[in-house]
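User: I should like to understand the reasoning behind the terms used for this structure. Please set each value against its cut-off before drawing a conclusion.

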Amino acid sequence: MPNPDNPISRSIEEKIAWAETCYQEKGGLLLRDEKSVILLNRLKEAVRASRAAMVSAGVADECKTCEEREGGSCCGAGLEDRYDATLLLINLLLGIQLPKRRSDPSSCLFLGPDGCLLMARQVICVNYLCKKIENRVNPSKISVLRDKEGVELECLFLLHERIQRKLKAYVPG
Ligand code: SF4
């Protein structure tokens, strides 16, 4: 199984196929690795805390209103290409199902009817806030949210490194 995150760009469909095959072949091994399991649990908790801070700051409501009444969406088609295959594998390890089809041709592949389908998300998806939000939301609440997002991204970074190290130990190339 070749390294999926090499610089040669692959389509999102190829990355999803790699992640699903790897999950079938190596998922058990990864879920028996104590460090990976600790980091997966820390990431779940960190995502939960970030999302709670987002709701508490009013960001979630602002985004919903913008999408429903103002036609805005930050999740445009093509953003899925920023995801690497290891990050998709992490989502599978977290019990997330990866979509096969796009709900809306103008939106990111991972955008579902109720928002993002992923739990492990890359940096721009975690911490992007538009100007409208920055102007409307209390800065002290944004600061709390930023702290939680920092913890989430740190967990994700450590987990990503751990998974790649474990796969290298078992997968040539
Ligand atoms: S938050 Fe989710 S749906 Fe939005 S761009 Fe990122 S991956 Fe796509």
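Analyst: To begin with one residue of this predicted model: leaving aside residues up to four places away in sequence, Arg162 touches Asp33, Lys35, Ser36 and Leu39. Arg162 itself belongs to helix α7, which covers residues 139-170.

User: What makes Arg162 a buried residue?

Analyst: Its relative accessible area is 14%, and buried means under 20%. Arg162 is therefore classed as buried.

User: What makes the pair Arg162 and Asp33 a polar contact?

Analyst: The side chains of Arg162 and Asp33 are joined at 2.8 Å, and the limit for a pair of N or O atoms is 3.5 Å. The distance lies within that limit, so the pair is called a polar contact. Asp33 also appears among the residues that Arg162 touches.

User: Why is helix α4 called mostly covered?

Analyst: Helix α4 spans residues 85-93, and 9 of its 9 residues are buried. Among them are Ala85, Leu87, Ile90 and Asn91. Thr86 is also in helix α4. With a relative accessible area of 2%, set against the cut-off of under 20%, Thr86 is therefore buried.

User: How do you know that Asp84 caps α4, and at which end?

Analyst: Asp84 caps the N-terminal end. A side-chain oxygen of Asp84 lies 3.1 Å from the backbone nitrogen of Thr86, which is within the 3.5 Å allowed for a polar contact. Just after α4, Gly95 takes a positive phi of about 90 degrees.

User: How far is Thr86 from Asn127 in sequence and in space?

Analyst: Thr86 and Asn127 are 41 residues apart in sequence, and their C-alpha atoms are 20 Å apart in space.

User: Where does Ser107 lie, and what makes it buried?

Analyst: Ser107 is found in the loop between α4 and β1, the latter being residues 111-112. Its relative accessibility is 8%, and the class of buried residues is defined as under 20%; Ser107 therefore counts as buried. Apart from residues up to four places away in sequence, Ser107 touches Cys75, Gly76, Ala77 and Arg102.

User: Why is Arg136 called partly exposed?

Analyst: Arg136 lies in helix α6, residues 131-136. Its relative accessibility is 47%. Buried would require a value under 20%, and exposed a value over 50%. The value falls between these limits, so Arg136 counts as partly exposed. Its contacts, with residues up to four places away in sequence left out, are Glu62 and Glu70. Arg136 and Val59, 77 residues apart in sequence, have C-alpha atoms 9.0 Å apart.

User: What makes Asn41 and Ile38 partly exposed?

Analyst: Both residues lie in helix α2, which comprises residues 34-57. Asn41 has a relative accessibility of 43%, and the relative accessible area of Ile38 is 43%. Partly exposed is the class between under 20% and over 50%, so the term applies to Asn41 and to Ile38. The C-alpha atoms of Asn41 and Leu94 are separated by 8.8 Å, although these residues are 53 apart along the chain. Ile38 and Cys155 are 117 residues apart in sequence and 9.9 Å apart in space, C-alpha to C-alpha.

User: How do you know that the radius of gyration agrees with a compact globule?

Analyst: For 173 residues, a compact globule would have a radius of gyration near 16 Å, and the protein chain has 17 Å; the two agree. Along its principal axes, the C-alpha trace spans about 50 × 35 × 25 Å.

User: Which elements make up the chain, and in what order?

Analyst: The protein chain has 7 helices and 2 strands. From the N terminus on, the order is α-α-α-α-β-β-α-α-α.

User: What share of the residues is buried, and what share of the contacts joins residues at least 24 apart?

Analyst: Buried residues account for 39% of the 173 residues. Of the contacts between residues at least 6 apart in sequence, 79% join residues at least 24 apart. The accessible surface is about 10,000 Å², with 53% belonging to carbon and sulfur atoms.

User: How far apart are the mean positions of the positive and negative charges?

Analyst: The mean positions of the 26 positive and 24 negative charges are 3 Å apart.

Terms used. Residues are numbered from 1 along each chain as its sequence is written. This is a predicted model: local features need pLDDT of at least 70, side-chain atom pairs count only at pLDDT 80 or more; totals for chains, interfaces and linings use all residues. Side-chain values use heavy atoms; hydrogens and water are left out. Helices (H or I, at least four residues) and strands (E, at least two) are DSSP runs, numbered from the N terminus. The radius of gyration is taken over C-alpha atoms; the globule rule is 2.2 Å times the number of residues to the power 0.38. Buried means under 20% relative accessible area, exposed over 50%, partly exposed in between (1.4 Å probe, protein chains only). Contact means heavy atoms within 4.5 Å. Accessible areas come from the Shrake-Rupley method with a 1.4 Å probe; for residues, only the protein chains shown count as cover. Lys and Arg count as positive and Asp and Glu as negative; His and the chain ends are not counted. The place of a charge is taken as NZ of Lys, CZ of Arg, CG of Asp or CD of Glu. A polar contact is a pair of N or O atoms within 3.5 Å; within protein, one must be able to donate a hydrogen and the other to accept it, and residues adjacent in sequence count only if both atoms are side-chain atoms.
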